Amino acid sequence: MLMKRWGILQGKEDNLAKDLKETALSFNKLGKKYGVSRQAVHGFCKRQGIKRPLKPKGHQTEECRLCQKLIQISKKPHSQFISSHTIRKEMGVKSGGKYLYHLRTLRDKGLVDEKFGRLLSKRAEKAYAIYFTKRLPISTIGWQVGLKNFHSVIRQHREWGWNVPPSLYVYDGRERSRIQSEIQRRKQR
Ligand SMILES: [Zn+2]
């Protein structure tokens with residue numbers, strides 16, 4: 001099979017070698033150009049000992065304005081709790097796809113936290129902003145921002161490994177048992 005494919009290449013080896021040395025075209029693209037498989041091009045390149053030029057550098061995190069802005073936002077305190085909406089707004093980016101590309105690149109490189117940019121709910125963001133700064137019961141905060149289930153939101157985030165610090169509000173025994181029974185009541189529904 002390989003021989004036959006190689007046969008197609010007969011007489012074109014010099015051109016292929018030239019392309020391999022001088023262009024950054026992928027093996028796949030070169031294979032299509034010369035009517036052979038990607039593997040055949042790869043094999044040829046290896047046998048000939050051809051050193052491929054480095055791929056043209058595309059997106060450079062250090063030079064990308066959006067990436068730098070994302071890193072800057074991610075360094076704010078409790079940045080896991082900044083909603084993607086707010087992040088996009090701060091970046092001045094309307095298109096979600098464009099924003100995600102930069103965010104994913106940074107996550108892959110470990111330059112921003114894996115959880116940064118995952119909070120979608122603006123209400124939850126508002127609730128957390130109060131939670132981190134004010135000494136209020138969780139249910140009161142939820143009520144203030146129109147988030148009925150702030151307790152379960154917190155519980156869910158903790159289960160996902162988000163770093164939710166303890167509430168600033170110190171619950172007395174009565175309040176604690178009221179919340180416990182409320183949680184129980186909801187579970188039974
Ligand atoms: Zn970028």
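The legends below describe close-up views of a predicted model.

**View 1. A salt bridge within helix α2 joins the side chains of K18 and E22.** This pair is one of four salt bridges that a search of the whole predicted structure finds. The nitrogen-to-oxygen distance between K18 and E22 is 3.5 Å, and both residues belong to helix α2, which covers residues 13-22. They are four residues apart, about one turn of the helix. K18 is partly exposed, with a relative accessible area of 48%, whereas E22, at 56%, is exposed. Side chains of opposite charge can pair in this way when their charged atoms come close.

**View 2. K76 and E90 form a salt bridge that ties a loop to helix α6.** The closest N and O atoms of this pair are 3.2 Å apart. K76 lies in the loop between α5 (65-74) and α6 (84-91), while E90 is in helix α6, so the salt bridge ties together parts that are 14 residues apart in sequence. With a relative accessibility of 37%, K76 counts as partly exposed, and E90, at 34%, is also classed as partly exposed.

**View 3. H78 has a positive phi although it is not a glycine.** The phi angle of H78 is about 55 degrees, and the residue is found in the loop between α5 and α6. The relative accessible area of H78 is 38%, which means that this residue is partly exposed.

**View 4. The side chains of E114 and R118 meet in a salt bridge.** The distance given for this pair, from nitrogen to oxygen, is 2.5 Å. R118 has a relative accessibility of 40% and therefore counts as partly exposed, and E114, with a relative accessible area of 44%, is likewise partly exposed.

**View 5. C45 and C67 are two buried cysteines in a model with zero disulfides.** C45 has a relative accessible area of 6% and is therefore buried, and C67, at 0% relative accessibility, counts as buried too. A disulfide is a covalent bond between the sulfur atoms of two cysteines. The cut-off applied to such a pair of sulfur atoms is 2.5 Å, and by this rule the count in the predicted model comes to zero.

**View 6. The side chain of buried H157 makes a polar contact with the side chain of Y128.** H157 is found in helix α10, which covers residues 150-159, and the polar contact between its side chain and that of Y128 has a distance of 2.8 Å. The relative accessible area of H157 is 6%, so this residue is buried. When residues up to four places away in sequence are not counted, H157 touches L119, Y128, W162 and V164; Y128 is thus named both among these contacts and as the polar partner of H157.

**View 7. Exposed R135 is in contact with L168 and Y169.** R135 has its place in the loop between α8 (122-133) and α9 (138-145), and its relative accessible area of 63% means that it is exposed. Leaving aside neighbours within four places in sequence, R135 is in contact with L168 and Y169. R135 and Y169 are 34 residues apart in sequence, while their C-alpha atoms are 4.5 Å apart in space.

Key. Residues numbered from 1 in each chain as written. Predicted model: local features only at pLDDT ≥ 70, side-chain atom pairs only at ≥ 80, totals over all residues. Heavy atoms only, no water. Helix = DSSP H or I, 4+ residues; strand = E, 2+ residues; numbered from the N terminus. Buried < 20%, exposed > 50% of the residue type's maximum accessible area, 1.4 Å probe, protein only. Polar contact = N/O pair within 3.5 Å; in protein donor to acceptor, adjacent residues only side chain to side chain. Contact = heavy atoms within 4.5 Å.
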